[in-house]
Amino acid sequence: MRVSKEDLHQLIQTKIERAGLTEEHADIVADVLAFADARGIHSHGAVRVEYYSERIAKGGITNRPDFRFEQTGPTSGIFHGDNGSGHVAAKRAMEEAIRIAGKNGVAVVGVKNMSHSGALAYFVEQAASCDFVALSVCQSDPMVVPFGGAEDYFGTNPIAFAAPTDDGRMLTFDMATTVQAWGKVLHARSRGESIPPTWAVDADGAATTDPTKVNALLPIAGPKGYGLMMMVDVLSGILLGLPFGKHVSSMYADLSKGRDLGQLHIVINPAFFTDIEAFKANMSEVLDEVTAVKPAPGVDRVYYPGERGRLREKTYEEEGIEIVDDIYEYLISDAIHFDNYDGKNKFAE
């Protein structure tokens, strides 16, 4: 099934509102999820709506949260999320970080006690659209074996980065610190597709290509990914006085309880370090030069980070966004949730 981004946004918003979220917050959630699907990041798009609706309906996401921003220093602050929608908390926190960086050059804003916030690219692009550079990291529940281990401890713990240019393009980098995100496994399951043997392991710690047998993911580049995911856990968990590592709450266990997750936004105003127009011109130049690099055999050309997603977005504007049939059926149905969760075999970060 193919739908326009606008129609998808409305379908998601309607479902999230029906589950109990306010119109304002449901609109932001829908914007983040439709953004993900429009960029081809289907693992963080409409496939998540049933899960969010279930958690909202059961009280695990605060419908009318008492959001509060606490500025702790000239360039630092904490956004208290009251276990409200993570998408809304992350966006509001980034707005505060942009405000501070605009005045003082740099901002470091932590988000405490939030729910799952979706694709981090959305939030770093908030800052890049204001001519700032941004880095965002967040924690997730244990589902990754540490390098050399046979049982999970850390989450997929993603990292995102964005920077502006002088011609409307953006450098956007968004990745899990695993070979792939749990959402990619979820997407493969929804389509009945196999996965590469380098993505994950089964209950015995052996590599598997069957997404229904995945028990834990593997860190990207072995010890390097392991180190990165630990860094993210420190910055978005321990630094904010939140649960960390194996103590991070499960996305799929008790949907009636808040998750108390953490996220950290770092925003830099280039104008405090160099000429802003020169910075953006140099960013454009590096993107031009990278994409002009001679491609390897069998490769059409080199793409800069985030370019493929923007190209997909243009294609989807013309052809519509492809949504799996059962997900579309759920979106247009009157049901809020189906009470049919089965842990990691269906929902995971």
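The following paragraphs describe charged residues in this structure, which is a predicted model.

The salt bridges offer a starting point, and the structure holds 15 of them. One is formed by the side chains of Arg92 and Glu24, with a distance of 2.6 Å from N to O. Arg92 belongs to helix H4 (residues 86-104), while Glu24 belongs to helix H2 (residues 23-38). The two residues stand 68 residues apart, and their pairing links distant parts of the chain.

A second salt bridge lies within a single helix. Here the side chains of Lys58 and Glu54 meet at 2.8 Å, again from N to O. Both residues are in helix H3 (residues 49-58), and because they are four residues apart, about one helical turn separates them. The two partners may also be considered by their accessibility. Lys58 has a relative accessible area of 38% and is therefore partly exposed. Glu54, by contrast, has a relative accessible area of 0%, so this residue is buried.

A third salt bridge joins Lys280 to Asp131, whose closest N and O atoms are 3.0 Å apart. Lys280 is found in helix H8 (residues 276-291), whereas Asp131 sits in the loop between helix H5 (121-128) and strand E5 (133-138). The pair therefore ties together parts of the structure that are 149 residues apart in sequence. As for accessibility, Lys280 has a value of 10%, which falls under the 20% limit for a buried residue. Asp131 reaches 25% and so counts as partly exposed.

Salt bridges can also be followed beyond single pairs. A network of salt bridges links five residues, namely Lys5, Arg39, Glu125, Arg310 and Glu313.

The description now turns to charges on the surface. Glu6, Asp7, Glu317, Glu318 and Glu319 form a negative surface patch. Two elements, helix H1 (5-19) and helix H9 (307-319), each give two or more residues to this negative patch. Of the contributors, H9 gives the most, with three residues. One member of the patch, Glu318, has its place in helix H9. The relative accessibility of Glu318 is 70%, and because an exposed residue is one with over 50%, Glu318 counts as exposed.

Taken in turn, these features show charged residues in several settings. Arg92 and Glu24 link distant parts of the chain, Lys58 and Glu54 pair inside helix H3, and Glu318 is an exposed residue of the negative surface patch.

Technical notes: Residues are numbered from 1 along each chain as its sequence is written. This is a predicted model: local features need pLDDT of at least 70, side-chain atom pairs count only at pLDDT 80 or more; totals for chains, interfaces and linings use all residues. Side-chain values use heavy atoms; hydrogens and water are left out. Patches are made of residues with over 30% relative accessible area and no salt bridge: like charges are joined within 9 Å, nonpolar side chains (Val, Leu, Ile, Met, Phe, Trp, Tyr) within 5 Å. Accessible areas come from the Shrake-Rupley method with a 1.4 Å probe; for residues, only the protein chains shown count as cover. A salt bridge is a side-chain nitrogen of Lys or Arg within 4 Å of a carboxyl oxygen of Asp or Glu. Lys and Arg count as positive and Asp and Glu as negative; His and the chain ends are not counted. The place of a charge is taken as NZ of Lys, CZ of Arg, CG of Asp or CD of Glu. Buried means under 20% relative accessible area, exposed over 50%, partly exposed in between (1.4 Å probe, protein chains only).
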